[in-house]
Amino acid sequence: MNQNQKIKRRTWLGGAATAAVVLVQTSFGKVMQRAVTEKETATSDPTKKLGPLPGEVGTRSPFEKLQKKPSDTSSRTPLQDLYGTLTPSDLHYERHHGGVPAIDPEKYELLIHGMVKKPMVFKLRDLKQFPSVSRIMFLECSGNYRGNKEELSPQEICGLTSQSEWTGVMLSTLFREVGVDPRATWFLAEGSDAAVMTRSIPLQKGWEDTMLAYAQNGEAIRPEQGYPARLVLPGWEGNTCVKWIRRIEISDQPFMTREETSKYTEAIGGGKIRQFSFVMDARSIITYPAYPNPVEKGWIELRGIAWSGRGRIVRVEISTNDGRSWSAAELQGPVLDKAHTGFRYLWHWNGDETAIMSRAVDETGYVQPTLKQLSDARGGNTGGYHFNPVTAWIIKRDGRVLFRPEAKK
Amino acid sequence: MRNRYTDQPDKTPLYIILLVVLCACKGQPDFNNENISLKDTASWPQSFGFGRLASSHDIDTLDIDIRPDGKGLPYGSGTVSQGKAIYAAKCALCHGKTGTEGPFNPLVTKTDTASSSKEPGKEKTIGNYWPYATTLYDYINRAMPFNTPGSLTPDEVYSLTAFLLHANNIVDSSAVMNAQTLPQVNMPARALFVPDDRSGGTEIK
């Protein structure tokens, strides 16, 4: 049958609700005949039906149910459903304080003022004309820990971390353009959301490696991620990476905004509260096996991600016997600075109940701590910001994988 | 640069910072996820000329922040009793009749301030956790009421600030808040705050 005849035949069949009759096995073991629609035959044998023609925007397979997990204030990346280290932009975690603003890129302006020679206003197209840079890095909310029950997935435990390739202009390029006063030490970054969210940032981070990003994974930043422009501070807590940025004020002192006093500070024992804890310490999570997906006895490739706000991951260690011994996992290159790094470890599970866990080591020699180590160092606190404990998965004899809650609350 | 994250001005001159950045980037291979560094800017023009000079109108319409030293506080004033009435009308719905009931963030401490400060983190209210009174003006003015942000006048914000400080046992019932008095208010939690001293390496903090 040539192509032409095939199409004619398809057209002729098109109107029929029932395209074929197939044999199916029922739950009672009986073989029955069932009529299937043309739609069903099409999916069961894709070689017998012409597929959709090329389109304008790609789609995710209808068989893949990738979803963020939203609460009132945040939405979490499904870490257990992802491969590699780049987070699809529509699955990047969200955390905002006054909803997602709608900003017209034609009307968008960024004001830089304060201790500068020339206070200036930049339109979006101005920002895009400056020398540009791209960089792959993770962004993580410093409030990224849940650990209160067994039925928790990686997404629920620490889904407030995501990775993208960000493109924009270095803040240092803009600092140079406005002529920052050498006596300045801090700057204020302000968003144009309903919370008009503000953070004070040491000027040095601005000169060093802060990016004013307008693109994420090859396209304009998504509204949830700060469209049309945001800050990205490599390795620093997500809250400092102010989205929908409208204003930068250069100063010689911090502004003590609500987000750096009432929030994003943590009690560390001895009656003290730690402030301006910017850097995200090293962390890792095994994303397979993980709740809610059960496993079978035999060979299992443990997989996960590790990252550090202080530099590169140099090692990830795995224990498959509840911490009694540790071995090095394989790192998936390229191992980038301040970026999610993939790891894997081949393991033969004999079917006995055990606990598996990973711990990350970064280039400063920092070893991801246990919950007890963290809690001991912080006056008994078992939560709060910058909480990055080793996470254990219990593998039950029946193959169920459960999170092991260690926090008291 | 020991003081880079405290409120002490960092005295390191800019050229030293530039030098350090420059040296640190020398000889690095390209494939390591680094950004363009300042060394690349040697061939750049002094100014690219993109963007325009900001007018004082541009700045004044956006520059709403309030610093701990009071810089930015507008003209106006408010009392505890005025604040109490505004609170009942515009805030109580979400923060509770007396500021303790919710449903959203409790704004008023339930314990006497001095003793609860010893256990920070237990209750995070203005009375025992907020280190600066100016933050209250800044935040209420920019973000509250949650459903109609930016709708309050300076007098209303001063009044609400006076009311909430009084409800947290920080100022007395006759207090008047304005650009002069607000930065003078001493917050009990101020002494509890210490700058981050984590720096990687083997120590867990």
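1. Let me start with the record. An unreviewed UniProt entry lists "domain: Moybdenum cofactor oxidoreductase dimerisation" for residues 278–387 of chain A. Keep in mind that what we have here is a predicted model. Over that stretch, residues 278–387 of chain A, the chain comes out as 6% helix and 42% strand. The C-alpha atoms at its two ends sit 13 Å apart.

2. The other annotation on chain A worth having to hand is "domain: Oxidoreductase molybdopterin-binding", again from an unreviewed UniProt entry, and it covers residues 97–256. Residues 97–256 of chain A work out at 16% helix and 36% strand, with the end C-alpha atoms 17 Å apart.

3. On to sheets. Chain A has an open sheet of 5 strands, ordered β21-β20-β24-β25-β26, and the pairing is antiparallel. At the edges stand β21 (327–328) and β26 (401–403) of chain A; each has a single partner strand, so one side of each has no neighbour in the sheet. Inside that order, β24 (residues 354–362) and β25 (residues 392–395) of chain A pair antiparallel over 4 bridges. If you want a residue to click on, A:Ile356 has A:Trp393 in β25(A) as its bridge partner.

4. Which chains contribute strands to the 6-strand open sheet, β11(A)-β10(A)-β15(A)-β6(A)-β7(A)-β1(B)? As the order shows, chain A supplies β11, β10, β15, β6 and β7, while β1 comes from chain B, and the pairing is mixed. The edge strands are β11 (198–202) of chain A and β1 (52–53) of chain B, each pairing on one side only. Within chain A, β10 (residues 186–191) and β15 (residues 245–251) run antiparallel to one another over 6 bridges. One pair to look at there is A:Glu190, whose bridge partner in β15(A) is A:Arg247.

5. There is also strand pairing across the chains elsewhere. Strand β17 (residues 273–275) of chain A and strand β4 (residues 193–195) of chain B pair in the parallel sense, over 3 bridges. In that pairing A:Gln275 is matched with B:Pro195 of β4(B). As background, strands of a sheet pair through backbone hydrogen bonds, either parallel or antiparallel.

6. Now the interface as a whole. Between chain A and chain B, 83 residues of chain A are in contact with 71 residues of chain B. The two chains bury about 6600 Å² between them, and carbon and sulfur atoms account for 56% of it. The rule picks up 29 residue pairs in polar contact across the interface of chain A and chain B, both residues being at pLDDT 80 or more. On the side of chain A that touches chain B, the residues split into 38 nonpolar, 21 polar and 24 charged.

7. How many salt bridges does the rule find across the interface of chain A and chain B? The count is 8. Have a look at B:Arg67 with A:Asp252, where the closest N and O atoms are 3.8 Å apart. That pair passes because the cut-off used is 4 Å, so I'd check the 3.8 Å figure by eye.

8. Over all chains the structure holds 43 salt bridges. One I'd look at within chain A is A:Glu94 with A:Lys68, at 2.8 Å from N to O. A:Glu94 is in strand β5 (residues 94–95) of chain A and A:Lys68 is in the loop between α2 (38–44) and β3 (69–70), so the salt bridge ties together parts that are 26 residues apart in sequence.

9. Last, some backbone geometry to check. Most residues other than glycine have a negative phi, and most peptide bonds are trans. A:Gly333 and A:Pro334 are joined by a cis peptide bond with omega about 0°, and A:Pro334 is in the loop between β22 (330–332) and β23 (341–349) of chain A. Another cis bond joins B:Met144 and B:Pro145, with omega about -10°; B:Pro145 sits in the loop between α7 (134–143) and α8 (154–167) of chain B. Then there is A:Trp244, not a glycine, with a positive phi near 50°. A:Trp244 is found in the loop between β14 (230–232) and β15 of chain A.

Technical notes: Residues numbered from 1 in each chain as written. Chains lettered and ligands numbered in written order. Predicted model: local features only at pLDDT ≥ 70, side-chain atom pairs only at ≥ 80, totals over all residues. Heavy atoms only, no water. Contact = heavy atoms within 4.5 Å. Buried area = accessible area lost by both parts, 1.4 Å probe. Salt bridge = Lys/Arg side-chain N within 4 Å of Asp/Glu carboxyl O. Polar contact = N/O pair within 3.5 Å; in protein donor to acceptor, adjacent residues only side chain to side chain. Nonpolar A, V, L, I, M, F, W, Y, C, P; charged D, E, K, R; others polar. Pairing = 2+ DSSP bridges. UniProt positions renumbered as here; feature names shortened; annotations may be inferred.
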